[in-house]
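Here is a friendly walk through the enclosed spaces of one protein and the elements around them. Have the model open as you read.

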Amino acid sequence: MKLIKCKIENTRRHKLVNIDFDPKITLIHGPNESGKSTIVEAMHRVLFLKSNSTGLISEKLRSKFHIGNPLVEIEFDAQGQIWNLSKRFSGQSGTTRIYGNTTKEYNGAAAEDLLAELLKVNEIVGSRKANNLLPKRWSHLWIFQGLSSRNILELGTEYYNLEGLVNVLEKKSEKLVQSAADQKIIRNLEILIDDNYTSRGIKRNSELWTYQQKFLKSEQFLTETKEAIKSLEESNSELDSIEKQILDIKSQIQPLLTNKLDELQSKKFESAKNNEQIKTLTNKIELCIKGLKEKRKFHSRLNSLKEQKKAKSKELEENERSLNHLELDLADINKKIKLNSNNKDNNQTKLDELENKGIKLKEILELLKLIYDKDKLNKLESQEKALTSKCQGLVQEEKYVKDLKEEEVELLYDIKRELKSLEGKIKSSSIQIYLERSRNKVSINGSIFKEGEIYDFIERAEILIDDDTKLFVHNKNCIDLNEINNLKHNLTTKYNRILHKYNVSDIFQLQEIYKRKLVVSTELKMLKEKISMIKESKLEIETNNTDLKNTTLDILNKEIKLKEETLSNFIQEFSNEGKLYPEQIPKIELCLESYREIFKTLRNKIETLQLENSKFENLRENMQRRISELISEVKVNSSEQKYIHEEKENLIHNFGSEESVSTQINEIKAKIVALSKQKKSLQSAMNVYDSNLISTEINKIKLEIERTNNKLQELSISQGILKERSFTISERDPYSELEQAIQNLEQSKTEYNNMTNLLKARIELLKLFKEAQLDYSNKYSKPISQAITNYLKPIVNNNDQNCYFDFDQSNGFTNLGLKQNSSLINFNDLSIGMKEQLNAAILLSMADVHKQDYDNSLPIIFDDAFTNTDPGRINSVLQMILKAADSGLQLIILSCNPDPYQAIANKIIKLE
């Protein structure tokens, strides 16, 4: 397959670009952002991406500068025909068209299917698979910009079409890597092993897992049977123990507790009768104590009322004294408030007068600023006129040299260097012959050659020494002198044409003209900036006078005259001459500042007086409020004294005098003492049991009886459960089950071990097949490794250094690197330049292998693939590219720097 033509419309920066490819080597060059990579991506998408794809992958082709959907057309040679492919990428409505020189036209899905068949891929990529599959298509043939140093073998087998590569290698090989039967056995072994094992162990629901579960269940059944026999024996033993406990409770414990309870209840009855008498005496004592408390409370209340009355009298005297002092202070505060108010009014009058003077001064200051702006505006307009005139002169001078570009000056220097280089090439390729001395007559090319002369020639020279001696000297490094002379003539013509265009005799005059152009441009720019600054200053004046409709000299003069008439009286007062000058602005500003200071001082005084008055007012309010409070307190105090006196009289009337209450308290105390003696005597005379202790003992006995009954009930329940459990276990015949469980366990264990041993044998057999497979892997890796090493020979210049990598049927090619003697250098440890060269060799080698499926030719694309390759090795890279082209491969090179590739390119295309 070979690319013939490509047409791209409305794609990124390209409005329209047409490219014809050479069957061997095509060079496309241009500066950065000239659209080289866009061409590669457009060709890649037209071949492998469906035209109706949506999303970012197709939107990236769309141009931001040109109207219309991206259109890409490509003509290529495949399967003995010339094919024309056209795709318009317009989202879901995108179109595809393809036809051959002997076939009908196909459109839409049919065209995409035919294209996939021609390119030998499964399908053309759509939107859903674009991000995943598109980067892998022909990644082993096309090196995109920025990807030249990546290791393609680490990306995965789909990135270099391992399946297709192996098929081609097997066709070339004398015999298959392994027979079909061997490969089938390997696959079956892998399936059988994978059906039973995972990376974490035995696979669930597999055959081995089934045997394992059967074995585990047999073990569990044996364990359960043993536990059942053990449980039966333990139940029988526990049942005997429970029956013995029930017999002991009924025959011994219950009768003993019943007798003890009867004795304690009899003692409790006798104790209750004696306690009733003590309780009666206790109630009488409590009534006496209660009466004593009431009498004492009345006595205490009388003493309290006496003390309260005394305290209220003292408090009343204090309040009346405080009230007199507050009334005197209030009169003094009223005098101070009146004095401060008078001072405040006087200062406010001065403040108003000062404010009027300040307003007038501000108006004069505004007038002076208008006068200043008028003078400044007059100067600015004069400067603007002068600069504008000078600017117009420079513009006229710039028109004369505006067509001269820096590129033309640099082109002249490049032509001059190229002419000098051609002279050097002629000189370096020529050979000199110097005749030092000779006895015979010598002639060169028919001309006499004298002693001391020097003869230069390029191709060959015929030297005749005598009739018997004739020499032919041939220069093996001779150059095509006609071609160089033609090139010199063309360059000289181009050089003189540019000089004639600008009417100069040499490059130095042209350079002076270009320098003058730069000076004029700089001066013009500076003048425009100055004019712009002047306009900004005028705009600032206009901004400062926003109240005027249009800030011109006439408007300013009218405004100044109007303000002077308005302020004429005040101007006479301020200025002795009756005139104002801008120089007076600082004086007025200083005067205004002094007015502000005086104004500020007066305002501070007023504020201070207001603050003092505010404080005095607050103080007066507080005093008035306190006076009101004291008057209220005096009234309340008098009322409370009256209430205390009335309460005291009522208490004396109801309970008697203080002396009679004291007598009653003493009588009650004597009665309490007598009743206490009687109660103590009764308690000591009676030999009674402690009723609380007896009740406690009775409760304990009852609780013990209840516990005994509960335990007896629990034992009866446990007895029934154990009997039922023993019956259930006995009914299963656990001893027979034990024998059956032992037999099942032995059988399942044998089956599980047999299956495990079988799988181990399969694993071992698969291992042997894999080892044999590794022995044959060189059948795949060796041809490609030799091809890569062959391509690398011009670069490494070392017969002991070659490429190495491993091959595995599942993982493909791995462990890429270089091998020198016994040393191995991994790909990641190589320099970036060496990675680029090794990648290129791999790409060309794989293309050599693949090409027999594509009419013995494939297009290879290098997009800035050798940017990190040092200049010393670029010639070796060129030899590698030439070798690939000679083998039938088509190479397309895109580069910002075309110089190294121009010598080998069959076609050169420059992008502007």
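A cavity here is a set of grid points where a 1.4 Å probe fits but cannot get out, and its lining residues are those with an atom within 4 Å of a point. Please keep in mind that this is a predicted model.

With a lower limit of 30 Å³, the count comes to 3 cavities. The two described here are set side by side below.

| Cavity | Volume | Nonpolar lining residues | Polar lining residues | Charged lining residues |
|---|---|---|---|---|
| Largest | about 110 Å³ | 8 | 3 | 1 |
| Second largest | about 50 Å³ | 2 | 4 | 2 |

Let us take the second largest cavity before the other. Its lining is made up of Ser53, Ser58, Glu59, Arg62, Pro70, Phe89, Ser90 and Gly91.

Now to the largest cavity. Around it you will find Ser139, His140, Trp142, Ile143, Phe144, Leu147, Arg150 and Ile152, together with Asn839, Ile842, Leu843 and Met846. Two elements each give two or more residues to this lining: β8 (142-143) and α19 (832-850). Which of the elements gives the largest share of the lining? That is α19, with 4 residues.

Both of these elements lead on to a sheet. Five strands form an open, parallel sheet in the order β8-β20-β21-β3-β22. Its edge strands are β8 and β22 (907-910), each of which pairs on one side only. The partner strand of β8 is β20 (residues 859-863), and the two pair in the parallel sense over 2 bridges. Trp142, one of the residues lining the largest cavity, has Ile861 in β20 as its bridge partner. Helix α19 packs on this sheet and touches β8, β20 and β21 (890-895), while its direction makes about 165° with that of β20.

The same α19 also has a helix as a neighbour. It packs with α20 (residues 871-886) at an angle of about 5°, and their axes are 11 Å apart. Because angles under 35 degrees count as roughly parallel, α19 is roughly parallel to α20. On the α19 side, the contact is made by Met834, Gln837, Ala840, Ala841 and Leu844, and on the α20 side by Arg873, Val877, Met880 and Ala884. By class, this contact has 7 nonpolar residues, 1 polar and 1 charged.

To draw the picture together: α19 gives 4 residues to the lining of the largest cavity, packs on the sheet and packs with α20.

Definitions and conventions: Residues are numbered from 1 along each chain as its sequence is written. This is a predicted model: local features need pLDDT of at least 70, side-chain atom pairs count only at pLDDT 80 or more; totals for chains, interfaces and linings use all residues. Side-chain values use heavy atoms; hydrogens and water are left out. On a 1 Å grid over the protein atoms alone, a cavity is a set of points where a 1.4 Å probe fits but cannot get out, and a pocket is an open set with protein on both sides within 12 Å along at least five of seven lines; lining residues have an atom within 4 Å of a point. Grid points are joined across faces, edges and corners, and a volume is the space filled by probe spheres set on the points. Ala, Val, Leu, Ile, Met, Phe, Trp, Tyr, Cys and Pro count as nonpolar, Asp, Glu, Lys and Arg as charged, and the others, Gly among them, as polar. Two strands pair if DSSP finds at least two bridges between them. Contact means heavy atoms within 4.5 Å. Axes are lines fitted to C-alpha atoms, for helices over the stretch in contact, and angles run from 0 to 180 degrees between N-to-C directions. Angles under 35 degrees count as roughly parallel, over 145 as roughly antiparallel, 65 to 115 as roughly perpendicular and the rest as oblique.
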